[in-house]
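Reader: Before we discuss the terms used for this protein, may I see the sequence and the model?

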Amino acid sequence: MSAKFLRTRIGLFGRTNVGKSSIMNMLANQDVSIVSDVSGTTTDIVEKPIEIHGLGAVLLIDTAGIDDKSLLGQERIKRTKDTLKSVDIAIIVCENGVFDKEEKDLIAELKFNKKPYFLLINKCDLSQIKDEFLDTISGENFILTSTKTALNLDEIYKKMIEISSKLNLNSNDLFFEILDQDKVVVLVTPIDDEAPKDRLILPQVQAIRQILDKDCSVVVTKSSDVSQICRKFNPDLIVCDSQCVLEVVKSAPSNINITTFSILFSRLKGDLNEFVKGANAIRNLKNEDTILIAEGCTHNAKDGDIARVKIPNLLKKVTQKELKFVHTNGKDFPDDLNKYALIIHCGGCMIHKNFIINRINEAKKSGISITNYGIAISFCQGVLDRVIKIFY
């Protein structure tokens, strides 16, 4: 099974009781969501990883109704809209004959967020499709269906495959255009207190697999002094953990390309140019500025934690300013970014690309500079130009 954040995310949106959960069960070919005639049965996000032939690994997401009038309705609607920003493909489920403000507002939001979508007109077994309704939705891409009879199920799969093929969703190559066949790569992977017990972290594992897939050789070391290993193996590329980048740059021959895992993920999941620009904004920080440090996943912080200790200390040392820091974890992210002078995001190895892209867009919309851990560290260590040179 692919990790959730590597799957194509397909979200089901619409009013309460239009049959989103029944559509979810039909697409998954199993009972995933609770189905009931009671309005508002789905009150939380429901996710189901499945495989679709011709599309591959998919994460189906069932959401609460956008017209939820219950006590907690506004919070549920907010979660639904947050989910809308994170999907790759949206399916708006409509009831036969009903297409009004709720559906039009959904479409407007999807267009604003540049999300591809199509309509599923459900419950077509219960009543005849009227011409005036077809006229109303004539400008939209739609498929008629019924979960009772699985009407046009193959057409729904074909539509998802068609949209997915245009999105380049499976571009997951950390070494795109920087690594050819038969090269030697050194990975510097320090084993410290924050390293997970008995395993490597995902970026390191992903890098090893992709290097091998390119028919290249990989040498893994935990030592940040790479001088000896470079003499022995003469590598074409060194990829290191951001926290030891200064030591690696100092000990590596000047003719060998160097970058960091965090920078590779910046390019894969974010916007490298935007993050580099954001790092350069560190020069403009002033006394009492507040920095938002956003961690994509949730874990217990240890002594010397990179987000809570190392990055704040580096920024204070480099800027010689009194700075304030706010931390968020997981899906938490402030609605109002205007109080922050800079956002520093994690590398995003455990979250979907759309989450980071949406956060970059929110920062741009607010006029706030944004960068990520690794690029900020390389900037503060004075080696940023060296470790991004290979990409320009």
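Author: The questions below concern a predicted model and the terms applied to it.

Reader: What makes the 74 residues a nonpolar core?

Author: A nonpolar core consists of buried nonpolar residues joined through side-chain atoms within 4.5 Å. The largest such set here has 74 residues, and Phe175, Ile238 and Ile344 have the most contacts inside it. Helix 13, residues 373-380, gives the most to this core, with 6 residues. Apart from it lies another core of 24 residues, including Met26 and Phe118.

Reader: What makes the packing of helix 11 and helix 13 describable by an angle?

Author: Two packed helices are described by the angle between their axes and the distance between the axes. For helix 11, residues 306-319, and helix 13, the angle is about 35° and the axes are 10 Å apart. Their crossing is left-handed.

Reader: Why is the contact of helix 11 with helix 13 counted as having 9 nonpolar residues?

Author: Helix 11 contributes Ile306, Ala307, Ile311, Leu314, Leu315 and Val318, while helix 13 contributes Tyr373, Ile377 and Cys380. Ala, Val, Leu, Ile, Tyr and Cys count as nonpolar. The division is therefore 9 nonpolar, no polar and no charged.

Reader: How do you know that Asp271 makes a polar contact at the N-terminal end of helix 10?

Author: A side-chain oxygen of Asp271 lies 3.2 Å from the backbone nitrogen of Asn273. The cut-off for such a pair is 3.5 Å, so the distance of 3.2 Å qualifies. Asp271 thus caps that end of helix 10.

Reader: Which residues of helix 10 are called buried?

Author: They are Leu272, Glu274, Phe275, Val276, Gly278 and Ala279; each has under 20% relative accessible area.

Technical notes:
Residues are numbered from 1 along each chain as its sequence is written. This is a predicted model: local features need pLDDT of at least 70, side-chain atom pairs count only at pLDDT 80 or more; totals for chains, interfaces and linings use all residues. Side-chain values use heavy atoms; hydrogens and water are left out. Buried means under 20% relative accessible area, exposed over 50%, partly exposed in between (1.4 Å probe, protein chains only). Helices (H or I, at least four residues) and strands (E, at least two) are DSSP runs, numbered from the N terminus. Axes are lines fitted to C-alpha atoms, for helices over the stretch in contact, and angles run from 0 to 180 degrees between N-to-C directions. A crossing is left-handed if the near helix is turned anticlockwise from the far one by less than a right angle, and right-handed if clockwise. Contact means heavy atoms within 4.5 Å. A polar contact is a pair of N or O atoms within 3.5 Å; within protein, one must be able to donate a hydrogen and the other to accept it, and residues adjacent in sequence count only if both atoms are side-chain atoms.
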